[in-house]
Amino acid sequence: MPTSDEASPRPACRLSGYPDRRAPRLAAGGRGPQTGASMLYNLLTLIHVASIIVWVGGMAFAHLALRPAVATLEPAVRLRLMEDVLRRFFLLAGIAVLLAVASGLGMVGLAAAQVAETGGRFRMPLAWNLMGTFGIIMALIFGHIRFALFGRLRRAVEASDWKAGGVAMASIRKWVGINLLIGACVVVIAFLGR
Ligand code: HEM
């Protein structure tokens, strides 16, 4: 799926088909010099993947390990504990979401600039389009969980209203499950689309 000028002298990227700034180094056994742009691209990839690990990995832990383990606790204990755990996790996840989106867009921008430099025409590969679209949807769902649903849980815990707290927690569980499922699909798309 070539995305740039066919006549480009540079080797093509595995994922996108456009000229890849990493390819000359890889062809030289990885020992060639890195350019400023390729170092920045690698740094953005590192930030991107690390953020996804924190965000998606944290959701997997909360949804698949923590939630079932605390299900048998009394509502007062369980909801206080979950409010405390989620408050800490949402702070980390919020930073991870911002970094994931910013680094993803940064990589797209760098790739587009690289293609423009070599005189090609940049078109986003399908895998990147899907990742970007679902990434934005996931970020919006995260915002809904953090600012609407978690606010309800917090107020319910403060008021010791365990019925309302249970309802808020059930909504958080549902949306975290949805986001986890989308996130797992996006990771599959990211790697199978290479
Ligand atoms: C606005 C949102 C996003 C944008 C614009 C974006 C864009 C990108 C780009 C341009 C790459 C570099 C691919 C390469 O150089 O080979 C990448 C890598 C990657 N992205 Fe995203 N991404 C976004 C969100 C996400 C999300 C939400 C996930 C997972 C839940 C994700 C998972 C990954 C993974 C695992 C890689 C590494 C793939 C590889 O090494 O080939 N991304 N992303």
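In what order do the elements of the protein chain run from the N terminus on? They run α-α-α-α-α. Here is a short tour, point by point, to help you find your way around.

1. **What you are looking at.** This is a predicted model, so please read each point below as a statement about that model. The protein chain holds five helices and zero strands. Of its 194 residues, 27% are buried. Among contacts in the protein chain with a separation of 6 or more, 71% are between residues 24 or more positions apart.

2. **The α2 and α3 pair.** A good place to begin is with α2, which covers residues 36–70, and α3, which covers 75–117. Their axes lie 8 Å apart, and the two helices pack at an angle of about 155°. Because of that angle, α2 is roughly antiparallel to α3; the cut-off for that label is an angle over 145 degrees. The residues of this contact comprise 23 nonpolar, eight polar and one charged. As for handedness, the crossing of α2 and α3 is left-handed.

3. **The α2 and α5 pair.** Next, follow α2 to α5, the helix at residues 162–192. The axes of α2 and α5 come within 9 Å and cross at roughly 130°. That angle makes α2 oblique to α5. The crossing of these two helices is left-handed. On the α2 side you will find Val56, Met59, Ala60, Ala62, His63 and Arg67, and these meet Arg173, Val176, Gly177, Asn179, Leu180, Gly183 and Val187 in α5. By class, the contact of α2 with α5 has seven nonpolar, four polar and two charged residues.

4. **The α3 and α5 pair.** How far apart are the axes of α3 and α5, and at what angle do the helices pack? The axes are 10 Å apart and the angle is about 50°, so α3 and α5 are oblique to each other. Here, too, the crossing is left-handed. Pro75, Ala76, Leu79 and Met82 are the α3 residues of this contact, and they meet Trp162, Gly165, Gly166 and Met169 in α5. The contact of α3 with α5 divides into six nonpolar, two polar and no charged residues.

5. **Leu79, a residue to click on.** Leu79 belongs to helix α3. Is Leu79 buried or exposed? Leu79 counts as buried because 23 C-beta neighbours lie inside 10 Å. Leaving aside residues up to four places away in sequence, Leu79 touches Val157, Trp162, Gly165, Gly166 and Met169. Leu79 and Arg154 are 75 residues apart along the chain, while their C-alpha atoms are separated by 9.2 Å.

6. **Met169, across from Leu79.** Met169 sits in helix α5 and is in contact with Leu79, Met82 and Leu153, again not counting residues up to four places away in sequence. Met169 counts as buried because it has 24 C-beta neighbours inside 10 Å. From Met169 to Leu153 the separation in sequence is 16 residues, and the C-alpha to C-alpha distance is 6.5 Å.

7. **Ile53, on α2.** For a contrasting environment, look at Ile53 in helix α2. Ile53 counts as partly exposed because 13 C-beta neighbours fall inside 10 Å. Ile53 and Ala96 are 43 residues apart in sequence, with 8.8 Å between them in space, C-alpha to C-alpha.

8. **Ser160, in a loop.** Which loop holds Ser160? Ser160 is in the loop between α4 and α5. Most residues other than glycine have a negative phi. Ser160 is not a glycine, yet its phi is positive, at about 50°. Ser160 is exposed because only 12 other C-beta atoms lie within 10 Å, and 12 or fewer is the cut-off for that label.

9. **The ligand and its shell.** Finally, turn to the ligand. It has 24 residues around it, and those that come nearest are Gly104, Met107, Gly132, Gly135 and Ala190. Which helices each supply at least two residues of the shell? They are α2, α3, α4 (126–158) and α5. By class, the shell around the ligand has 17 nonpolar, six polar and one charged residues.

How values were computed
Residues are numbered from 1 along each chain as its sequence is written. This is a predicted model: local features need pLDDT of at least 70, side-chain atom pairs count only at pLDDT 80 or more; totals for chains, interfaces and linings use all residues. Helices (H or I, at least four residues) and strands (E, at least two) are DSSP runs, numbered from the N terminus. A residue is buried if 20 or more other C-beta atoms lie within 10 Å of its own, exposed if 12 or fewer, and partly exposed in between; C-beta atoms are placed from the backbone. A residue is near a molecule or strand if its C-beta atom, placed from the backbone, lies within 6 Å of it. Ala, Val, Leu, Ile, Met, Phe, Trp, Tyr, Cys and Pro count as nonpolar, Asp, Glu, Lys and Arg as charged, and the others, Gly among them, as polar. Two residues are in contact if their C-beta atoms, placed from the backbone, lie within 7 Å. Axes are lines fitted to C-alpha atoms, for helices over the stretch in contact, and angles run from 0 to 180 degrees between N-to-C directions. Angles under 35 degrees count as roughly parallel, over 145 as roughly antiparallel, 65 to 115 as roughly perpendicular and the rest as oblique. A crossing is left-handed if the near helix is turned anticlockwise from the far one by less than a right angle, and right-handed if clockwise.
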